[in-house]
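This briefing covers the open and enclosed spaces of one structure and the ligand that goes with it. Please look over the sequence and the model before reading on.

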Amino acid sequence: GNKNINAKLVLLGDVGTGKSSLVLRFVKGQFVEFQESTIGAAFFSQTLAINDETVKFEIWDTAGQERYHSLAPMYYRGAGAAIIVYDITNQASFIRAKKWVQEIQAQGSSSTVIALAGNKADLLEARQVTPAEAQTYAQENGLFFMETSAKAATNVNEIFYEIAKRLPRA
Ligand code: GDP
Ligand code: MG
């Protein structure tokens, strides 16, 4: 029969990696070159049909600035899923992403589905993080990994779809 699933989802990662742009692409199908920085966190919702189910994502797009770090647990606690975003052209953002993974695995719920998104995959000439390195890290840490581009609309719906498939069913 038809089932409706509600899933709280949080995006975490350095400022400027493209968290808000991924959400804008997923929710509205749009991209802007000058996306305003997020203050605190912003909320969106979007539903996805998958087989005979409807998954309603309740999305918290966090700011990423260190000064908001203490607020992060409010968003990842009780979250069904987390997308940890780094920028493939910025090695420091990949290191920061690993820190987020560690924090969620230590402080969050063990059932939270964690996705690692290497965003800005359209900027190949400026790449600093190889897909092999991220894939190996993801495999070793029980995450799933995709390179995405909010700009080119690559793997954006797909990453939400893969999360939806992995959410625990009652
Ligand atoms: P956030 O701080 O993580 O929310 O990052 P934003 O979504 O605000 O994006 C930061 C900047 O990167 C903006 O200028 C975006 O237009 C740009 N950006 C975001 N995603 C992509 C992408 O996939 N490719 C490219 N080339 N630029 C992107
Ligand atoms: Mg933002």
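In this predicted model, the largest pocket is lined by 25 residues. Nearest the centre of that pocket lie Gly-16, Gly-18, Ser-21, Gln-35 and Lys-120. The space that the pocket encloses is the one taken by ligand 1. The structure also holds 1 cavity of 30 Å³ or more.

**The largest pocket**

- The volume of the largest pocket is about 420 Å³.
- Two elements, α1 (19-28) and β3 (53-62), give two or more residues to the lining of this pocket.
- Of these, α1 provides the largest share of the lining, 3 residues.
- Sorted by class, the pocket lining has 11 polar residues, 7 nonpolar residues and 7 charged residues.

**The shell around ligand 1**

- Ligand 1 is surrounded by 19 residues.
- The closest of these residues are Gly-16, Lys-19, Ser-21, Glu-33 and Asp-122.
- In the shell around ligand 1, as in the pocket lining, α1 makes the largest share, and its contribution to the shell is 3 residues.
- The shell consists of 8 polar, 6 charged and 5 nonpolar residues.

**Polar contacts of ligand 1**

- Which atoms of ligand 1 and of Asp-122 are 2.7 Å apart? They are a nitrogen atom of ligand 1 and an N or O atom in the side chain of Asp-122.
- At Val-32 the partner is in the backbone: a polar backbone atom of this residue is 2.8 Å from an oxygen atom of ligand 1.
- Lys-120, one of the residues nearest the centre of the pocket, has a polar side-chain atom 3.1 Å from an oxygen atom of ligand 1.
- Ligand 1 exposes 580 Å² when taken alone, and the protein buries 89% of that area.

**The largest cavity**

- The largest cavity has a volume of about 100 Å³.
- Its lining is made up of 15 residues, and those closest to the centre of the cavity are Thr-62, Gly-64, Tyr-68, His-69 and Ala-72.
- At least two residues of the cavity lining come from each of α2 (72-76) and α3 (91-107).
- How do the residues of the cavity lining divide by class, and what number is charged? There are 8 nonpolar and 5 polar residues, and 2 are charged.

**Points to keep in view**

- Ligand 1 takes up the space of the largest pocket, and α1 supplies the largest share of the shell around ligand 1.
- Asp-122 is among the residues closest to ligand 1, and its side chain has an N or O atom 2.7 Å from a nitrogen atom of the ligand.

Technical notes:
Residues numbered from 1 in each chain as written. Chains lettered and ligands numbered in written order. Predicted model: local features only at pLDDT ≥ 70, side-chain atom pairs only at ≥ 80, totals over all residues. Heavy atoms only, no water. 1 Å grid on protein atoms, 1.4 Å probe; cavity = no way out; pocket = protein on both sides within 12 Å on 5 of 7 lines; lining within 4 Å. Points joined across faces, edges and corners; volume = space filled by probe spheres on them. Helix = DSSP H or I, 4+ residues; strand = E, 2+ residues; numbered from the N terminus. Nonpolar A, V, L, I, M, F, W, Y, C, P; charged D, E, K, R; others polar. Near = heavy atom within 4 Å. Polar contact = N/O pair within 3.5 Å; in protein donor to acceptor, adjacent residues only side chain to side chain. Areas by Shrake-Rupley, 256 points an atom, 1.4 Å probe, with all protein chains shown as cover. Sits in = over half its atoms within 2 Å of the grid points.
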